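Welcome! Take a moment to turn the model around on your screen before reading on.

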Amino acid sequence: MDEERKRLIGKRIRKCRLDNNFSQDELANKLKMKRSNVANYESGRVVPPGNVLIEMSQVFNVTTDYLLGSTNDPYTNVSLDDNDLKQIQRQRNRLTGKDRERLENMIKMLKLSFLDAENEEGDEDDEEDNL
């Protein structure tokens, strides 16, 4: 990853933290890590691992795509079309060992995220029914 992208990710994390009125210590506590980790992420010295990016996106209520600089819209995910999905499948078949395992773990996390989102929507529907 190039240095410019690392700095962009750091700036986005810092902006989200400040927009949510969190100190670095407060964010670190929410993420169950040291403040120095947050400082390293914000400075662009270190890119957060995927699981931390997912947690941050949940804490900040923004997408991981926004944190990673793939979109300027913090609330809308980049959409994939059928061609993108076919390309991902082709590349998956070429992976071996740890890379395949990492991809499968990412897919599992995505599935869990979708299930959580569906459950939250169902909870909201139940609350509306009770009104």
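Here is a short tour of some helices and a few single residues. Please keep in mind that this is a predicted model.

Let us begin with a pair of helices. Helix α1 covers residues 3-19 and helix α3 covers residues 35-43; the two pack at an angle of about 125°, and their axes are 6 Å apart. That angle makes α1 oblique to α3. On the α1 side, the contact is made by G10, K11, I13, R14 and R17, while α3 brings V38, Y41 and E42. Sorted by class, this contact has three nonpolar, one polar and four charged residues.

Now look at which residues are hidden. In α3, the residues V38, A39, Y41 and E42 are buried. Viewed down the helix axis, the buried residues of α3 stay within an arc of 160°, so they line one face of the helix. Helix α4 can be read in the same manner. Its buried residues are V52, L53, M56, S57 and F60. They fall within an arc of 140° when seen down the axis of α4, so they too line one face. Why can residues that are separated in sequence share a face? An α-helix has 3.6 residues a turn, so residues three or four places apart point the same way.

The table puts the two helices side by side.

| Helix | Buried residues | Arc | Partners of the buried residues |
|---|---|---|---|
| α3 (residues 35-43) | V38, A39, Y41, E42 | 160° | α1, α2, α4 |
| α4 (residues 50-60) | V52, L53, M56, S57, F60 | 140° | including α1, α2, α3, α5 |

What happens where these helices end? Just after α3, G44 takes a positive phi of about 85°. Just after α4, N61 has a positive phi of about 60°.

A little further along, T63 sits in the loop between α4 and α5. Is T63 buried or exposed? Its relative accessible area is 9%, so T63 is buried, since buried means under 20%. The side chain of T63 reaches the backbone nitrogen of Y66 at 3.0 Å.

Our last stop is L103, which is found in helix α7 (residues 97-129). With a relative accessibility of 19%, L103 counts as buried. Leaving aside residues up to four places away in sequence, L103 touches R92 and L95. R92 and L103 are eleven residues apart along the chain, and their C-alpha atoms are separated by 7.8 Å.

Terms used
Residues are numbered from 1 along each chain as its sequence is written. This is a predicted model: local features need pLDDT of at least 70, side-chain atom pairs count only at pLDDT 80 or more; totals for chains, interfaces and linings use all residues. Side-chain values use heavy atoms; hydrogens and water are left out. Axes are lines fitted to C-alpha atoms, for helices over the stretch in contact, and angles run from 0 to 180 degrees between N-to-C directions. Helices (H or I, at least four residues) and strands (E, at least two) are DSSP runs, numbered from the N terminus. Angles under 35 degrees count as roughly parallel, over 145 as roughly antiparallel, 65 to 115 as roughly perpendicular and the rest as oblique. Contact means heavy atoms within 4.5 Å. Ala, Val, Leu, Ile, Met, Phe, Trp, Tyr, Cys and Pro count as nonpolar, Asp, Glu, Lys and Arg as charged, and the others, Gly among them, as polar. Buried means under 20% relative accessible area, exposed over 50%, partly exposed in between (1.4 Å probe, protein chains only). The arc is that of the directions from the helix axis to the C-beta atoms. A polar contact is a pair of N or O atoms within 3.5 Å; within protein, one must be able to donate a hydrogen and the other to accept it, and residues adjacent in sequence count only if both atoms are side-chain atoms.
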